[in-house]
Amino acid sequence: MEVNKKEETSSCSRVPNKGNGLDLENYSWTQSLHEVTVNVPVPSGTRSKLVACEIKKNHLKVGLKGQPPIIDGELFQAVKPDDCYWSIEDNRSISILLTKHNQMEWWKSLVKGDPEIDTQNVEPENSKLSDLDPETRQTVEKMMFDQRQKAMGLPTSDELQKQEILKKFMSEFQLVNFVNSFYWFVAAS
């Protein structure tokens with residue numbers, strides 16, 4: 001029985017919204033690899049002093065004071081509470097920014113138990129080469145160079161490296177042949 005529940009959950013995964021999150025009845029959320037943004041609609045004219053928002057490492061509770069919470073659950077993954085904040089947008093919605101603790105994974109849902117997205121359909125954001133660590137940056141630059149070279153019908157970096165080794169070998173081989181020929185010529189004389 002346990003296996004069937006897991007299969008049901010994975011087969012019920014939804015296609016993410018344009019922000020790689022999900023639009024639900026009471027709130028919507030989007031994400032990048034680094035953060036999650038939650039948007040909770042509230043009655044027009046809502047002021048921040050009426051908002052109850054509690055952000056913990058593994059838990060989020062959001063709503064209006066004196067009313068049941070709109071969101072109250074265990075987060076899909078941990079966040080960095082000191083780097084998270086919320087604000088009122090246009091007196092109509094609560095906007096919450098959650099900084100992910102693990103910034104290398106996509107979340108399937110905001111809180112556990114909510115509908116999940118299919119993370120295979122997530123559209124990664126464009127990143128700048130300067131954002132990458134030196135080793136990754138070097139690998140990406142090499143791949144980009146090789147792609148351009150192939151598109152122009154020119155040799156890739158690996159092929160260029162092999163050509164250089166071959167040229168070096170040939171020049172050393174010719175030098176050895178020249179020296180051997182010279183010694184044979186001198187010896188014969």
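Strand 5 (residues 59-64) and strand 6 (residues 71-74) pair up in the antiparallel sense, with four bridges between them. Keep in mind as you look around that this is a predicted model. Here's a quick tour, starting with that pair and moving on to the sheet, the core, two loop residues and a helix.

**The hairpin of strands 5 and 6**
- If you pick out K61, its bridge partner in strand 6 is D72.
- Six residues sit between the two strands of this hairpin.
- In the same hairpin, G66 takes a positive phi, near 80 degrees.

**The five-stranded sheet**
- Five strands make an open sheet, and you can trace them in the order 1-2-3-8-7.
- The pairing in this sheet is antiparallel.
- Strand 1 and strand 7 (85-89) are the edge strands, as each of them pairs on one side only.
- Strands of a sheet, by the way, pair through backbone hydrogen bonds.
- Inside the sheet, strand 2 and strand 3 run antiparallel and are joined by four bridges.
- Look for S28 and you'll find N39 of strand 3 standing opposite.

**The nonpolar core**
- The largest nonpolar core has 28 residues.
- Y27, W29, V38, I71, L98 and L110 are the ones with the most contacts inside this core.
- Strand 3, strand 4 (51-55), strand 5 and strand 8 (93-99) each give two or more residues to the core.
- Leaving out residues up to four places away in sequence, V38 touches Y27, S28, W29, I71, I94, S95, I96, L98 and L110.

**Two loop residues to check out**
- N20 lies in the loop between helix 1 (2-11) and strand 1 (22-23).
- Is N20 buried or exposed? N20 counts as buried because its relative accessible area is 6%, and the cut-off for buried is under 20%.
- Not counting residues up to four places away in sequence, N20 touches W29, Q31, W106, I117, V122 and E123.
- S32 sits in the loop between strand 2 (28-31) and strand 3 (35-41).
- S32 is buried too, because its relative accessible area of 18% falls under that 20% cut-off.
- S32 and T99 are 67 residues apart in sequence, and their C-alpha atoms are 9.7 Å apart in space.

**Helix 2**
- Helix 2 (residues 134-151) has 18 residues, so at 1.5 Å a residue it should span 26 Å.
- The end C-alpha atoms of helix 2 are 26 Å apart, which agrees with that expected span.
- After helix 2 comes G153, which has a positive phi near 75 degrees.

Conventions. Residues are numbered from 1 along each chain as its sequence is written. This is a predicted model: local features need pLDDT of at least 70, side-chain atom pairs count only at pLDDT 80 or more; totals for chains, interfaces and linings use all residues. Side-chain values use heavy atoms; hydrogens and water are left out. The expected span of a helix is 1.5 Å times one less than its number of residues. Buried means under 20% relative accessible area, exposed over 50%, partly exposed in between (1.4 Å probe, protein chains only). Contact means heavy atoms within 4.5 Å. Two strands pair if DSSP finds at least two bridges between them. A nonpolar core is a set of buried Ala, Val, Leu, Ile, Met, Phe, Trp, Tyr and Cys residues joined through side-chain atoms within 4.5 Å.
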